[in-house]
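Here's a short set of exercises on pockets, with the solutions worked through. Keep the viewer open as you go.

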Amino acid sequence: MPNRFVSAAFLGSLCVFISLLATAQAKEVNVYSFRQEFLVAPIVEAFTAETGIEVNIVFAKKGLINRLEAEGDNSPADLLLTSDFSKLQQAKNKGLTQPVSSDVLNANIPSNLRDEDGHWYALTKRVRAIYASKDRVKEGEITSYEELAYEAWYGRICTRSGKHPYNLALVASMIAHYGAADAEAWMAGIKTNLARKPAGNDRAQVKGIFSGECDLSLGNSYYLGKMLAKEDQKAWADSVRIIFPNQEDRGAHVNISGVTMTAAAKNKAEALAFMEFLSGDVAQKIYAEVNYEYPVKVGVAPSELVASWGEFKSDALNLSEIADLIPAASDLVDRVAYDF
């Protein structure tokens, strides 16, 4: 009899132990990511090594917000990683996100680079830069976004679609600074100066400069690093200089990559831990080295290559204000028929 009681107690303890072990092993965070695997994978590896929390990720170039919306409360996703803040704001506006309160995030991420309600946070910065031909544009000949509309650049500019999120964010910032009427006149001026119909991505515009089709383009700063790293694109990059606009006044427009916690998040503690890790020194350094982006955390240096492009002053506009103006920017692009 005593042995049977001992055996039952042991089995009970064993069951409790197994249950606790299963709970400990079940610590995870599920992520939907617009960001590419090559960039996120080393960060995930470092996070799991430090915390023991597993990270499961679905990668996609598009459709993740629609997927979240269709899944509703049944969505397995705890976090959404994006490559620009317009998708973060879109998810917020659809009620697919929830606010997060974190002293760590607030300390690591400047206030103008996070949602005023705590729904999303920037993880990296990139400048919406001007690329200029080294051969056909003198140093100092163009220094601001406003000058892109000047007659001197007639037939000399290449850009991607005005409706692309990167360009819409820039247009929204111009609306914030100048009002809709002046921003529309500026956009119409750039359209007049186009060398060709807007098409392709940011790298295609630099290729257009290399081929002599145009002399100026708009593009995110990190693409310079990406082109320099590819043998078949290095000549394109070598043909241009990167210009950080408006350094004598408001500063250059910056876009971001970012993260938000979904409204359906089941693993909130683990998701918050990953968000905080993403804003910390280790992840910020990986972002900087792997994808030629600027860290958002003060004190974390950009890569040696990015640092060689020089320091820049960034526009201090709150991204939440710019995000609110994206619909107006889209309407403006349509009114000037920029893409046609």
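**Exercise 1.** Break down the lining of the second largest pocket by residue class.

*Solution.* Start with the tally: 13 nonpolar, 4 polar and 4 charged residues. Here Ala, Val, Leu, Ile, Met, Phe, Trp, Tyr, Cys and Pro count as nonpolar, Asp, Glu, Lys and Arg as charged, and the others, Gly among them, as polar. Next, find the middle: Lys125, Tyr294, Pro295, Phe312 and Ser314 lie nearest the centre, out of 21 lining residues. Strand S10 (294-295) and helix H13 (304-307) each supply at least two residues of that lining.

A word on the model: it's predicted, so local features need pLDDT of at least 70 and side-chain atom pairs pLDDT 80 or more, while totals for chains, interfaces and linings use all residues. Numbering runs from 1 along each chain as its sequence is written, and side-chain values use heavy atoms, leaving out hydrogens and water.

**Exercise 2.** Do the same for the largest pocket, then give its volume.

*Solution.* By class, its lining has 7 nonpolar, 5 polar and 8 charged residues. Helices H2 (37-51), H6 (165-178) and H9 (222-228) each supply at least two, with H9 giving the most at 3 residues. The volume is about 570 Å³. Of the 20 lining residues, Phe34, Gln36, Ser83, Tyr166 and Tyr223 are closest to the centre.

**Exercise 3.** Describe the protein's overall dimensions.

*Solution.* Along its principal axes, the C-alpha trace spans about 100 × 40 × 30 Å.

Definitions and conventions
On a 1 Å grid over the protein atoms alone, a cavity is a set of points where a 1.4 Å probe fits but cannot get out, and a pocket is an open set with protein on both sides within 12 Å along at least five of seven lines; lining residues have an atom within 4 Å of a point. Grid points are joined across faces, edges and corners, and a volume is the space filled by probe spheres set on the points. Helices (H or I, at least four residues) and strands (E, at least two) are DSSP runs, numbered from the N terminus.
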